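Biologist: I'd like a close look at a single part of this protein, please. Pick a strand and tell me what it pairs with.

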Amino acid sequence: MPGIGGLLVFLTAILTASAASQSVPTLSDFITQHDRVRLKAVFESARPYQDLAAVHYSVLGNKLMGEALTNSPEVCQFITSKVDASNLESIYHASAVTRVLPSCKLTLPNIAQQTVNNALLEDTSVADLFYAVLASNRLGYKYDSAKVLKTLLSALKRDDSVLNLGYAFHIASLLSVDVNSVFERIEDAIVQADEVDNKMAQFEGGLSITAIIISGAYRLAEHVKKPPVIDKEKCIKFANYFLSRKHVQVVRAAFHLLDVLNVLTTNKYHIPVAITLASKIAVSNQEPIVQIRVTNLLGSPLSQLTVTIDTATHLEDEAVVLSKKPLLVLKSDSSLYELNFLQAKPARGFYRLLISAVPSKADDRLIGNSGAPVEIKVMTEVTVEALEIGTVDVDQATSSKMSKVVYPNKLPVILEADYHQKIQMKFTIRDKNDGIMSAHQVFIRLTNKRTKQEIIFVSEPDSSLVYRFDMDVNSKAKDFGYLSGEYQLDLILGDAIISNPFLWLIADVEISFPDNPSPSPLQENQYTPKHEIQHIFREPEKRPSTVVSNTFTALTVAPLLLLFVLWYKVGVNFYNFHLNLGTIGFHVGLSAIFGLFTVFWLNLNMFTTLKYLALLGMITFLCGNSMLSKIAASRKKG
């Protein structure tokens, strides 16, 4: 048993340490001035107005941003002309606009109040109840809060979706009775939120639904004077989600975004704090200042804060170079705090700063203001030292011939190398502040001066951080296509923390490759103009002589002539020809079909012929059927 107890204690300690090591979500964004300009353009895109909903969200969206409405008469005229007193949603949108336009008086007939009152009945939906209660408050219509609450609870029993719960929170925040029964449903709604990467939280349905639920929850909490059942971490996750959707282009969604962000900056329980990097991520001798911006979600400064770098940790070796270092507030902008980071003499590389912003007077509403991570990188300048380049025989029969080159100069003579030799080069990279270093991107480029074809090699450092380049001309001949000639040798050096990356022309090299053992046929350049294709159509076959054509025509017509001759000899019997519509129509239709075939042969196309044939065929069929029926009937009588 003691062994099991000790194991449980050990596992508990591991789980506790693991939970403590997990990063608590913080805010790294807010509504910037650029975002405000873009959101204003979204609201202005609703003009010219097409419906009352567009006016509602456009006008109130501008109001939430503090923008002055310049077209009040136009808006007022549109509202008064488009409002439908028999439509609840129309009344809701119109009343929302006129409430923020004191100069616009909305005069509605008595049927409007009846429309609103009908929506307060027991069988109404939560959405209609939402429209009715908010419209009543704006228009001054009286209603019984107790009855509305009863109707609301009844409607929620029928459908308590998360959106309906959000509507219910807004409705309850306006009632003058005990609404704790609705307030308790906040927890039911919050547990249905989906989390993304442990950083964001949202409800199924997207931005508008999530904004309606969260803004309603906080408004209801202020109404009942109780904190909402939303913990600080969850609130920050919702705020992160809202800020991730700040590039929305739909007017309605943009309004709900600003509405919920306004609630999250003015409520009495949770005010998320955005701690962001205001300066460049790169810190160098030319720009040693790190600036941190501390604001609410709408980008407004928070007064009287003490902003401190809790720790500044070098990510490469986890060394802490700063601890509990206060930042100075800028007199020109109270949201900006700064520090000369290079005074701590940090080594080059990436750093994670954990920032805390503590108010001078305790304010429990502020959340996300402790341990907010900000990443920067300390840049350095480098130079190349001890660079030597030369050639050496492959068989090592002679010693290498190395020449020193000093950056940024070029080797004054052309280096010659044949396929019995190697090209060798070595050098070191020196940090001007901290000795020899390695870099992520070190390349040797050889470019043929005539063809401009190039080949690039990666240079790697050894254990003493000396970079070496060793190219066997014979073994690399295939890579160069056995193309001998003069090449330009360049050193390309760069790194994320190097402030002066460069391309250095070191030398010109005359390289002699061996002959290609299996030369390929000369390939034609696929981009050169092709030969013009001269297409010759097949000549038509020779037509038969006129005698043959006429003879064939006579033979074709002969059966018809023979028919007429036989009719003459035998005698044509017209006694059974009944002169009626069906008989005449059949013969005329049949003749017309033959005539159509003749015209088709001479002029018409197949589709036009089929169109006419369908009409003539139908008429001929009906007339023929009538004619044969009458013939059959006359034979029975006879």
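Modeller: Let's start with the layout: the C-alpha centres of domain 3 and domain 4 lie 97 Å apart. The chain is split into domain 1 (33-270), domain 2 (274-378), domain 3 (382-511) and domain 4 (566-636), with bounds taken from an automatic or database domain assignment. Bear in mind that this is a predicted model, where local features need pLDDT of at least 70, side-chain atom pairs count only at pLDDT 80 or more, and totals for chains, interfaces and linings use all residues. Numbering runs from 1 along each chain as its sequence is written, and side-chain values use heavy atoms, leaving out hydrogens and water.

Now for the strand I'd pick, β22, which covers residues 467-472. Strands here are DSSP runs (E, at least two residues), numbered from the N terminus, and two of them pair if DSSP finds at least two bridges between them. One partner of β22 is β17 (residues 421-431), in the antiparallel sense, with six bridges joining the two. If you want a spot to click on, find methionine 425: its bridge partner in β22 is phenylalanine 469.

Another partner is β21, a strand of residues 460-461, again antiparallel, with two bridges to β22. There, tyrosine 467 of β22 sits opposite proline 461. β21 and β22 make a hairpin, with five residues between the strands. Have a look at leucine 465 in that turn, as its phi is positive, at about 65 degrees. While you're tracing side chains, remember that in a regular strand they alternate between the two faces of the sheet.

Note on methods:
Helices (H or I, at least four residues) and strands (E, at least two) are DSSP runs, numbered from the N terminus.
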